[in-house]
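Take a moment to turn the model around on your screen. What should we look at when a protein has hollows as well as strands? Let us walk through it together.

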Amino acid sequence: MSTQNTHRLLVIGNGMVGHKFLEALQNKTHNMEVTVLCEEPRLAYDRVHLTSYFDQPRPDLAMGRIEDYQAWGIRVVMEKATHIDREQKTVHTATRALKYDTLVLATGSYPFVPPIQGKDAEGCFVYRTIEDLDAIHAYAQTSKEGVVIGGGLLGLEAAGALKALGIKTHVVEFAPRLMPVQVDEQGGKLLKKKIENMGIAVHTSTATQSIDLDGNKVKGLTFADGKSIEAQMVIFSAGIRPRDELARASGLEVGERGGITINEACQTSDPSVYAIGECALYKGRIYGLVAPGYTMARVVADQLTGGSSEFTGADMSTKLKLLGVDVGSFGDAFAQTSGSEEMFFTDPLKGTYKKLVLSADGKKVLGGVLVGDCSDYSNLHSLFSNAMDIPGGPEHLLVPAPAGGGTQVKATLPMTATVCSCENVSKGSICEAVVGGAQDIPSIKKCTRAGTGCGGCVPMVTDILKEQLLLLGQEVNNNICEHFDYSRQELFDVIRIKEYRTFGEVLEKHGHGMGCEICKPAVASILASLYNEYILKQEHAPLQDTNDRFLANMQKDGTYSVVPRVAGGEITPEKLIVLGEVARKYNLYCKITGGQRIDLLGARQEHLPEIWADLIAAGFESGHAYGKSLRTVKTCVGETWCRYGVQDSTTLGIKLEERYKGLRSPHKLKGGVSGCTRECAEAQGKDFGIIATEKGWNLYVAGNGGMKPKHALLLAADLDEATLVKYLDRFLMFYIRTADRLQRTSVWLEKLEGGMDYLKKVVVEDALGIGAELEAAMEKHVGTYHCEWKETLGNPEKMKHFSHFINTDESDDNVVMIEERGQIRPAFDFEKADLLPMISGD
Amino acid sequence: MTQTLTREATWVQICTLNDIVLHAGVAAKVNGKQIAIFRVEENLLYAISNFDPFTRANVLSRGIIGTRGDVYKVASPLLKHSFNLQTGEYLDDPSVTIPTYEVRVEDGKVWVRA
């Protein structure tokens, strides 16, 4: 398709920055023929998250896809450039010569390996490409100890990876602290301590003298102070050097210590050649971060398509989670601005350190360091990057705000403020996207690309989203309803701590108005979870949703269904016969439910007490099918009958159903117990599911059916029964206390910060130290269980409320049944019209 | 075929005040009509039709009462449509209105005119 008018654009290098450049260029290349040279055996991938390559399942790090490149009309040549001929405007590879009108160098950098004796031995690696990681992984299989030389960002990443491979790991850093470029002395100390606590040996202020060899294989390291350690592997992570050899050989201007010199347009000394990313040197500086590289990529894409944007340096701020430790550094982290002042806050108990560098007048944030807790990072970073005045005193930025009050910093961010520096997205564009309909984080990411780079800005984007939704008049707070300025969890804590016993008290002290159908049942449920009082007590009854109010499930025509408990689905012939007799007596429709119980439908309100009197006389009790509470624990027949079963699932299911029956919760709860891995009880589709193993029980939690089915996740394996019950007690109570109103366990877990790992910490490791309290709360529930129907039948005052009318014994004449397949069903409206006289309104 | 059973509205004594739990409702049959009576405050009652026009079932007396802003309302127990207890207006679309009835308390007795 090449014509004489076509502009030939050649890109050397397909790393993250090279890819970003092509992406930024797409749809603008009307008259361009674009070719990219890629020397690695794959297209661009996410090098920032390289360490996750060792995770299981292995993530897809690919950024550039050949289909995308084809769609963008880009030709990919998987070859290494060997020579640039600027006279002829030609780039050579081993097999061909490619002509260009414009050349973009995105050659990146290579890892620096210090000139240490033994550095080329077998067992020495660098940490840069997927090939490097494959080689490290393979060699680690035969190694016991490993050393990472370099305690910077990437070095610590590499150490984490080695550790994860099961190798005793050392980090050797020449500087007196870890991450010397980003973190100050105090922060470095704390970081060192945290990393040592993970079992990684840290050697700071240490210079490596030589790598000791056994033949040509690494066997240890000797330091300048004479000490030595054993190790079979060494990973060099001592910094990067720009790959400028092609540029250098072609006569382009390079810096004294390397790097291709560029101007504000990212042009090299030859105006038809550009350089971007880690190979480029701007004002004497190499930017070893992805965000500045992306900025350069966008600048060049813009320049080449008629724009005039410029690169004028970039922010070297970083925020990352290194081996689980939050580390953040931004702006003038070392207080080099004249007159600047520093402020510190350390919490030795929590292991956090925060430093702010302030302007001489104390009004602006110039930089800072955060270790152990980066939750304020995006807030502080935007104060710095937008040169905003600090609202309130700067001390509020360091010391956590008291509960309830927070700093108002976020709301004052100007529209022009850059929120996502990786993708260069302003607050204004995010707001625009929200107005345009992108009203959740995934849509905003898709629409603006904010948050798709390092992800550090996502909390800020979330705040802006909330702020914008508020401006649009949409409900975004998590207040339960207009009557309480609290979430369900906050209400739960308030009620628990203040020991309120009635809705009236809670409303008087903490609410407004009279309440409604949202807060009343929610508070009723909280009170029931905490005190397990009879729910139809005078002060509780008007709070209950109709099902709880009449202890039965209201159906579409105002009649009810009755579901007695059949624990574990096990039922005697005598009881089956009673159910049949009751159904026949009151003309009820019978259906086996999905939860192994029998549903009797079509019961008129005024018949409920009589029906239950018959059921209770036969030994049944309430099944709580009406409540947001434990419904059933489904079981299979297990080892008792099944030829595959390895444990007695029916007995366990019955025990658990008996234990948790009547437990009120934010949403209905179901359980399941399977006697073997064939899973006939479908336990993994339940809020808690238990599957027998040869060694005990595997406990799965937070699954559900419903609108969005979700498989339960493994919480703990091979448990004995006592431990299983202990974990279940903790899990259920923790959910009850912290979930939102009508939030299923699956959604709750999705929203739980830290997810399953955190849940395991709380439930299995008892990291919060609340295990005993949760167990005690469950014990209290078990000890105070009562059958609500039995209690109601014993109370003549309560029975009065079941009559349909207060002033006559008549029935609701609008309830009409039709026979179908030998049983009743409610009549549809069109059927009723012919059957009964309509009662007019006024 | 439908047949209309409209009778002239008269005051009818229904029950005692204490038959209605505070902050809850009861259903009554008055001159052939199903009426929901709510005890909103100690001595403040409202009466509306018991028929939920959205689900076509006589269930409103079993709804939870409360407020939206300054308005006393009941939420239908079936699909939670909320009705203004004073005017019978459906709160999310004033074009739907259900009948309201006069109600008074005398000597501890509840009377409704329907």
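A pocket is an open set of grid points with protein on both sides within 12 Å along at least five of seven lines, while a cavity is a set of points where a 1.4 Å probe fits but cannot get out. Please keep in mind that this is a predicted model.

**The second largest pocket**

The second largest pocket has a volume of about 670 Å³. Its lining is made up of 29 residues, and those closest to its centre are P521(A), D545(A), K628(A), L742(A) and K80(B). Which elements of chain A each supply at least two residues of this lining? They are α15 (519-531), α16 (546-550) and β29 (553-554). Of these, α15(A) gives the most, with four residues.

**The largest cavity**

Now for the enclosed spaces: the structure holds seven cavities of 30 Å³ or more. In the largest cavity there is about 150 Å³ of space. Among its 17 lining residues, H801(A), S803(A), G25(B), V26(B) and A27(B) lie nearest the centre. Here α16 of chain A and β2 (25-30) of chain B each supply at least two lining residues, and β2(B) gives the most, with three.

The table sets out the two linings by residue class.

| Space | Nonpolar residues | Polar residues | Charged residues |
|---|---|---|---|
| Second largest pocket | 11 | eight | 10 |
| Largest cavity | seven | six | four |

**A small sheet in chain B**

Next, find the three strands of chain B that form an open sheet in the order β7-β8-β9, with antiparallel pairing. Why is one side of β7 (64-68) and of β9 (82-84) in chain B left without a neighbour in the sheet? Both strands stand at the edges and each has a single partner strand, so one side of each has no neighbour there. On average, neighbouring strands of this sheet are turned by 35° against each other, direction ignored.

Look more closely at one pair: β7(B) and β8 (residues 71-75) of chain B are joined in the antiparallel sense over five bridges. Within this pair, T67(B) stands opposite Y72(B) of β8(B).

**Two cysteines to compare**

How many disulfides does the structure hold over all chains? The count is zero. Is C124(A) buried or exposed? With a relative accessible area of 16%, C124(A) is buried, because buried means under 20%. C590(A), at 31% relative accessibility, counts as partly exposed.

Definitions and conventions
Residues numbered from 1 in each chain as written. Chains lettered and ligands numbered in written order. Predicted model: local features only at pLDDT ≥ 70, side-chain atom pairs only at ≥ 80, totals over all residues. Heavy atoms only, no water. Pairing = 2+ DSSP bridges. Axes fitted to C-alpha atoms, helices over the stretch in contact; angles between N-to-C directions. 1 Å grid on protein atoms, 1.4 Å probe; cavity = no way out; pocket = protein on both sides within 12 Å on 5 of 7 lines; lining within 4 Å. Points joined across faces, edges and corners; volume = space filled by probe spheres on them. Nonpolar A, V, L, I, M, F, W, Y, C, P; charged D, E, K, R; others polar. Disulfide = S-S within 2.5 Å. Buried < 20%, exposed > 50% of the residue type's maximum accessible area, 1.4 Å probe, protein only.
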